[in-house]
Amino acid sequence: MATPDRVSYWNKTKRLMFVMLGLWVFFGYVIHMFVEQLNTIVIFGFPLGFYMAAQGSLIAFVVMLFWFARRQNAIDEEHHVNEE
Amino acid sequence: MANTTATTAGGGDFTSNLGRIYGIYTGGFIAFIILMAILSALGVENVVIGYLFMGFTIVIYAVIGVLSRTMHVGEYYVAGRRVPALYNGMATGADWMSAASFIGMAGSLYLLGYDGLGFVLGWTGGYVLVAILVAPYLRKFGAYTVPDFLSARYGGNLARLIGVVVLFSCSFTYVVAQIFGTGLISARFLGIDFNVAVYVGLAGILVCSMLGGMRAVTWTQVAQYIVLIIAYLIPVIWMSTVKTGVPIPQLMQGQALANITALETAQGITLHHITPFAHGGYDAKNYFLLILCLMVGTASLPHVLMRYFTTPSVREARVSVAWSLLFIFILYFTAPAYAAFAKWTMLDLVASGLTPENIGEKAGWMMRWAAADNTLVQICGKTATDTAAIVAACAEKGVTALSFADINLNADMIVLATPEMAGMPYVISGLVAAGGLAAALSTADGLLLAIANALSHDIYYKMIDQNAPTSRRLIVSRILLVLVAVLAAYVASTKPSDILSMVSWAFSLAAGGLFPALVLGVWWKRANSAGAVAGMIAGFGITIFYLVMTQYGADFDKATPNMELWWGVKNISSAAFGLPVGFAVMIIVSLLTKAPSRDMQDFIEEIRVPRGKQMMEEKTA
């Protein structure tokens, strides 16, 4: 039911979702739009733009998901809606 | 658990000993590889090694399948909801990584360079959407299938039926690609005819999924993940060590890229491996649209979503998505390195002074592949079956020294052929074949189960006979599974397209048909039944229309001219049209019709919080 606590729970959940969605857009799309500029930087033989699509964004996705699971569980506990 | 017939898999003892059991299994598999290497050194023939590798792994999967057999509905559909997050992650990894990932992807990266990375990004980033938008909420609802959720949320069997149609279309397209992959492997490594080979692959698929449903598939998939990841990593670690002296291919890929660029420049190749938006018609628009369709498709594919129905809690479901992506990541961030080392090896081969006369001696593997299937290797524009054929074809074109561009390798063979390309012993080829087979079988199992479950649970039980006894429901499911599998094998034997395209189509179909209804169902209370039905029909309709019309045309003949592409968008990104149309129609129709009832709004409130009973309780006996 829509108690005040539930409303605040859902607002926090929504905010976390939008933060994740923003990061997803950044690592999934925005950074790769600058591939040619990034490719002028070369590290260990990797042009940076190529590196981001081959490994960099992937690492970001994995880290994001573990962070998300922790954050969302913390929100659940704070609002006492976690599973017993 | 009175109804479980086997206590070795799925019981309490089994779940607490998972680490030990799979540890022993992994050790046993490595010992088997070493044994094969010894046999090979003792002079056992290559084809025998191939049979042993594939036979041994299939027998292991079958044993797991038989041990996990069940007649309990909850076990059959959702593995009793007791699969720990980490193991569910591993099983999802195998479920996810199919013949397209294992066989097709590195090959496409080899051919497309930077532009192939769209597949790498698209097939990983989608898990973010799975975790934040869909999976935890479906787990709370407690469905057996994805159409179950659609029916409960959008009140009635119409939404369920459309859900089943979309599910069937995307999963079937996907499973055809997997059976095609098993056929390709069996044809090359067992030396049997492709048309027979697809049915051999099919038998391997059925033993795992038919007896034990989701429970058997889960524990087989964990075993298959271990095989496929070992098989993927060993050849590329080998190449990295030989070429650079450092066994970390992901890191040494930088050096490989630098060498590729240098060799390309020396050989006068102007289109570089690392150049973005230039290969195979992937301009920036198609590159980004492909990423979008693959990512959104990930969050809509029923065989992936249903894996998260098996975790013990909502919390575990979220963590499990993160584990899934970690296990998938291990293969995906290796694939670009695989492609780079393979390309470096090929460019080196060409630089060594390759002519039509000496290629048979320097790269005999090409002729063996050309003999297995005449579309795989072409040199100077003709099938390269032997030196005489190559010399004749090149003489016709006036080619005396072969360049990189004269050798045309099919994307689907590159991973499988790399061990031979880089001069590794045959035992590595056998291992790669077993890995490719594991990838294709594990995905096919998940897909066939998704289809059979939707037909038996949603159509037969929910729509035709609500009083059907449990035993009959499970028997119906098994019969349907076999029928669908045989049909898929038949379609695969007609070679409808290459693996990567077929799989990408499946993603677009799922994205266009299911994504708006799933996401808005959780995140927008105002979404109602009429909106969802209209949105699914419109989104799926546009996607499949664009796909069929541009691929086959109105006359279903590939050879005759087909519909022009709209704004040059490739049909593997068909959901680029289906997705916005689906969302728009669903929102507009919802707003024009009555808001959902008070009860429905409470139902959505309940889905959004993890605490409390799962919403759908099934009678299980």
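**Reading chain B: a residue, a helix, an interface**

B:Leu481 sits in helix α21 (residues 470–493) of chain B.

Student: What should I know before I start reading?

Tutor: This is a predicted model: local features need pLDDT of at least 70, side-chain atom pairs count only at pLDDT 80 or more, and totals for chains, interfaces and linings use all residues. Residues are numbered from 1 along each chain as its sequence is written, while chains are lettered from A and ligands numbered from 1 in the order in which they are written.

Student: Is B:Leu481 buried or exposed?

Tutor: A residue is buried if 20 or more other C-beta atoms, placed from the backbone, lie within 10 Å of its own, exposed if 12 or fewer, and partly exposed in between. B:Leu481 has 23 such atoms within 10 Å, so it is buried.

Student: How do I read helix α6 of chain B, residues 99–112?

Tutor: Helices are DSSP runs (H or I, at least four residues), numbered from the N terminus. In α6(B), 13 of the 14 residues are buried, so the rest of the structure largely encloses this helix. After α6(B) comes B:Gly113, with a positive phi near 60°.

Student: And how many residues of chain B are in contact with chain A?

Tutor: Contact means that the C-beta atoms of two residues, placed from the backbone, lie within 7 Å. Here 39 residues of chain B are in contact with 38 residues of chain A. On the chain B side, α14(B) gives the largest share, 10 residues.

Conventions
Helix = DSSP H or I, 4+ residues; strand = E, 2+ residues; numbered from the N terminus.
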